[in-house]
Amino acid sequence: MIDAQGLTRRYGEFAAVDGISFNVDEGEIVGMLGPNGAGKTTTLRMITGFLPPTEGHLTVAGKDLFSDPVAARREVGYLPENVALYPEMRVSEYLRYRAMLEGMSRNEAKQRIPETVESCFLEEVEKQIIGTLSKGYRQRVGLAAAILHHPSVLVLDEPTVGLDPKQIIAIRELIRELGHKQTLLLSSHILPEVELLCDRVIIIDRGRIIAEGSPQELRESWIGNTILRVGLKGGPTDALGVLGALPGVVDVEVLDAETGSYRLECAKDADPRQAVFETAKQRGWVMLELSEERASLEDVFVRLTTQEPSDGSARVAVDDATAAEVPS
Ligand code: ATP
């Protein structure tokens, strides 16, 4: 549905987006994740036709954004980071205005506006002046305007930024609903949001794609060895050596000697939990904790985006990730 090849945007010598290539398939929800200044907004603005790339090829729903820009832009609905609405207009007036801009006939608009109002849960504020709406409702109006013309692809730039927790939940639910009907590309730096909403994640840093895959694939490929936390009452004096000698344990660290808290790094695919339990039983240690530390997408994100700039081989697809060097 979106096919970007070698997409680049330079400002003078500086490449805000540096030759990135990716696809978004029909019906997918893809999240673009990256720290501030990574190049997310620049990428989304190129896809939506608001910013011409310096280099590269880009098609949306099979339409080339360079040779057929009007047709390509018609395939896209865009919710920018700071959605510009007309505060003095009523919601219904604004949607009629947007329908007109999209070149809809009166009859088409008559049918689509109520449909869109319903799918964005705007019925109760339809007659309200936009300037008097809460930020959450304004965001929904922005979304309604973006989907009014039935685009094949919906592009959302930081759709929940600046909203309160209740509004965030409501907008996420709406995005999830829209994702059932449309192909969706969204940017965010809220990791749980991406994990919750997206089938696939593209991590971007310094204008380059540094990893790509489902949240689960990224966690599995980038986090390496399993970590166990073990709590032994009073911290037995010989615990460190005994735990370190168990099969499958490659390293032990004392987290807190007084409370007897240990961190065990295990070999790939090893699960020494039963051995830890049986050893504790045999030695009469009182076990207070035995748990596995689960890697989060946040761990992956921090690892990937805090590494030094690479020499140009920045992109690491998930399939290649095991062969790649993971910074410690
Ligand atoms: P954020 O999460 O903070 O919104 P982002 O990932 O969306 O960040 P972009 O807004 O795409 O990042 O910016 C990428 C880089 O390009 C930044 O270093 C930014 O300062 C730079 N940049 C963006 N627009 C311009 C411009 N018009 N002129 C010069 N540099 C720009």
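## A walk through the helix packing

Start by selecting α3 and α5: they pack at an angle of about 25°, and their axes are 10 Å apart. Keep in mind as you click around that this is a predicted model. Since angles under 35 degrees count as roughly parallel, α3 and α5 are therefore roughly parallel to each other. Tilt the view and you'll find that α3 passes α5 in a right-handed crossing.

Now show side chains here. On the α3 side, pick V91, Y94, L95 and R98; they meet V141, A144 and A145 in α5. Sorted by class, this contact has 6 nonpolar residues, no polar ones and 1 charged.

**Next stop: α3 and α4**

Leave α3 on screen (residues 91–101) and add α4, residues 106–119. This pair packs at about 130°, with 10 Å between the axes. α3 and α4 are therefore oblique to each other. The crossing of α3 past α4 is right-handed.

Which residues of α3 meet α4? Select L95, R96 and A99 in α3, then A109, I113 and V117 across from them in α4. By class, you're looking at 5 nonpolar, no polar and 1 charged residues. You've seen L95 already: that α3 residue also took part in the meeting with α5.

**Over to α5 and α6**

Hide α4, and bring up α5 (residues 135–147) with α6 (residues 165–181). Their packing angle is about 15° and their axes lie 9 Å apart. That angle makes α5 roughly parallel to α6. Here, too, look for a right-handed crossing as α5 passes α6.

For the contact itself, select K135, G136, Q139, R140, L143 and I147 on α5, plus Q167, A170, I171, L174 and L178 on α6. The class count for this contact is 6 nonpolar, 3 polar and 2 charged residues.

**Zoom out to the domains**

Color the chain by its domain assignment: domain 1 is 1–75 + 151–223 + 295–328, domain 2 is 89–146, and domain 3 is 225–293. Then focus on where domains 1 and 2 touch. How many residues of domain 1 are in contact with domain 2? There are 15, facing 10 residues of domain 2.

The area buried between these two domains is about 980 Å², with carbon and sulfur atoms giving 68% of that. To finish, highlight Q167, I171 and L174 in domain 1: they lose the most area to domain 2, together 39% of what the domain 1 side buries. Those three should look familiar, as they are among the α6 residues in the contact with α5.

Definitions and conventions
Residues numbered from 1 in each chain as written. Predicted model: local features only at pLDDT ≥ 70, side-chain atom pairs only at ≥ 80, totals over all residues. Heavy atoms only, no water. Axes fitted to C-alpha atoms, helices over the stretch in contact; angles between N-to-C directions. Helix = DSSP H or I, 4+ residues; strand = E, 2+ residues; numbered from the N terminus. Parallel < 35°, antiparallel > 145°, perpendicular 65-115°, else oblique. Left-handed = near helix turned anticlockwise from the far one by under 90°. Contact = heavy atoms within 4.5 Å. Nonpolar A, V, L, I, M, F, W, Y, C, P; charged D, E, K, R; others polar. Domains from an automatic or database assignment. Buried area = accessible area lost by both parts, 1.4 Å probe.
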